[in-house]
Amino acid sequence: MLLASLKKSNLPYVLISAEDFLKGEKGFNFTEFLSAYISKVILSLYPFSGHAFKLEEKVKRYLRLLRDLLGAVKISLNIPEVSGLIEVVLDKGEKGKDLSEEFSKALELPELLAEKFNTRIVITIDEFQYLNFAKQAVPEIFHLMRSKRQFQKRVSYVISCSAVGMLKEIMSSKNQPFYQYFYSIRVNPFNRETSKEFLRKGFEMDGVKINEEDIEKIVEYVDGFPAWLNLVGIKVELEGNVKKVLSSLPFDDNVISAIEGDLNKLSPTARSVLRKLAKLGGTGSPKDLGENEWSVQRGLKQLIRYGYVEREERGVYKIIDPMVTHYLSVR
């Protein structure tokens, strides 16, 4: 959705995922994030300079390749502060020093280039909540971002987050710098009718005949999550038997990869609580999830923060994604 919206805007844009720079459970490679941010800003705006410029390969080793890239940019754009910035980031980043000053300069770069080339730019950070883990390199990272962004006229910012609870903490607390700063939109799963229509149209486009009863079974099993609806549709086209496809779905490599990748971010306590909740069919109360009430509550708190679980009513919690329930209930 982000990518489609950005392309439709017809503006130069940067799309970067903070999740890509996680190290371990709570570590964050801020040097690589900063270098990727700078390189993407320059690459997205460079075509507006009027200079012909091509990269033969994507910038994978941000720090080293960027040093060469910025040499050309320095000559063409006459912005030596960018070249100097990278040199300092390389030096300080490798030594693990505070990068607040460098990040402050990098935040000014989109506005500087957009003004120079008389255009606008959209900066999009996916999984924004993980920048919380970058505070070791930049202790006041969110304050710094807010202070720079509020004065920029040619830069628009979009953030997204799958861990809804964490985003609420960042956006809804009065003591947080981004309190009421962004316009928030919650992207919910499709409702039942939209889910069924999505499947009907997909099967129709690919010439697959399927009855309404089977469509109902699919929606009942995966709810309105587009990724799972899409995966089931593909598997039904290949295998034909809806009942067999649904029963094998928790063992599909795509499902395993997606769910296990996210589960690894949870603490052992949260994973244990989630597994027990799945064994109960996806809904339960704290007293059913373990003998240690304090431990259960701690696990539920993390699951809510990461967007796995929501509280339906007082004392009743539910796993949001039914595929997580199906997956864990057979393991």
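These legends go with several close-up views of a predicted model.

The model is predicted: local features need pLDDT of at least 70, side-chain atom pairs count only at pLDDT 80 or more, and totals for chains, interfaces and linings use all residues. Residues are numbered from 1 along each chain as its sequence is written, and side-chain values use heavy atoms, with hydrogens and water left out.

**Figure 1. The whole protein has 15 helices and eight strands.** Helices (H or I, at least four residues) and strands (E, at least two) are DSSP runs, numbered from the N terminus. The protein has 331 residues, and 44% of them are buried. Buried means under 20% relative accessible area, exposed means over 50%, and partly exposed lies in between (1.4 Å probe, protein chains only). Take the contacts with a separation of 6 or more: 69% of them join residues 24 or more positions apart. Contact means heavy atoms within 4.5 Å.

**Figure 2. Helix H12 packs against helix H15.** H12 covers residues 253–263, and H15 covers residues 322–329. Their axes are 11 Å apart and meet at an angle of about 95 degrees. That makes H12 roughly perpendicular to H15. Axes are lines fitted to C-alpha atoms, for helices over the stretch in contact, and angles run from 0 to 180 degrees between N-to-C directions. Angles under 35 degrees count as roughly parallel, over 145 as roughly antiparallel, 65 to 115 as roughly perpendicular and the rest as oblique. From H12 come Val255, Ile256, Ile259, Glu260 and Leu263. From H15 come Met323, Val324, Tyr327 and Leu328. By class, this contact has eight nonpolar, no polar and one charged residues. Here Ala, Val, Leu, Ile, Met, Phe, Trp, Tyr, Cys and Pro count as nonpolar, Asp, Glu, Lys and Arg as charged, and the others, Gly among them, as polar.

**Figure 3. Helix H15 is largely enclosed by the rest of the structure.** Six of its eight residues are buried. They are Pro322, Met323, Val324, Thr325, Tyr327 and Leu328. What do the buried residues of H15 pack against? Their partners are H9, helix H10 (226–239), H12, helix H13 (268–279) and strand S8 (316–319). Aspartate 321 caps the N-terminal end of H15. One of its side-chain oxygens lies 2.9 Å from the backbone nitrogen of methionine 323.

**Figure 4. Salt bridges join helices H8 and H9.** A salt bridge is a side-chain nitrogen of Lys or Arg within 4 Å of a carboxyl oxygen of Asp or Glu. Side chains of opposite charge can pair when their charged atoms come close. The structure holds 18 salt bridges. In one of them, arginine 192 meets glutamate 216 at 3.0 Å, N to O. Arginine 192 lies in H8 (residues 192–205) and glutamate 216 in H9 (residues 212–222), so the pair ties together parts that are 24 residues apart in sequence. Lysine 196 also forms a salt bridge with glutamate 216, the closest N and O atoms being 2.8 Å apart. This pair again links H8 to H9, with the two positions 20 residues apart in sequence. Which of these residues are buried, and which are partly exposed? Lysine 196 is buried, at 8% relative accessible area. Arginine 192 is partly exposed, at 37%. Glutamate 216 is partly exposed too, at 30%. Arg192, Glu193, Lys196, Glu216 and Glu220 are linked in a network of salt bridges.

**Figure 5. Glutamate 312 and lysine 318 form a salt bridge.** Their side chains meet at 4.0 Å, N to O. Glutamate 312 is partly exposed, with a relative accessible area of 45%. Lysine 318 is partly exposed, with a value of 31%.

**Figure 6. Serine 160 is a buried loop residue.** Its loop runs between strand S5 (155–159) and helix H7 (164–172). The relative accessible area of serine 160 is 16%. Leaving out residues up to four places away in sequence, serine 160 touches Leu2, Ile125, Asp126, Glu127, Phe128 and Gln129.

**Figure 7. Asparagine 10 and asparagine 118 have positive phi values.** Most residues other than glycine have a negative phi. Phi of asparagine 10 is near 60 degrees. Asparagine 10 sits in the loop between helix H1 (2–9) and strand S1 (13–17). Asparagine 10 is exposed, with a relative accessible area of 70%. Phi of asparagine 118 is near 55 degrees. Its loop lies between helix H5 (100–116) and strand S4 (121–126). Asparagine 118 is exposed, at 61%.

How values were computed. Polar contact = N/O pair within 3.5 Å; in protein donor to acceptor, adjacent residues only side chain to side chain.
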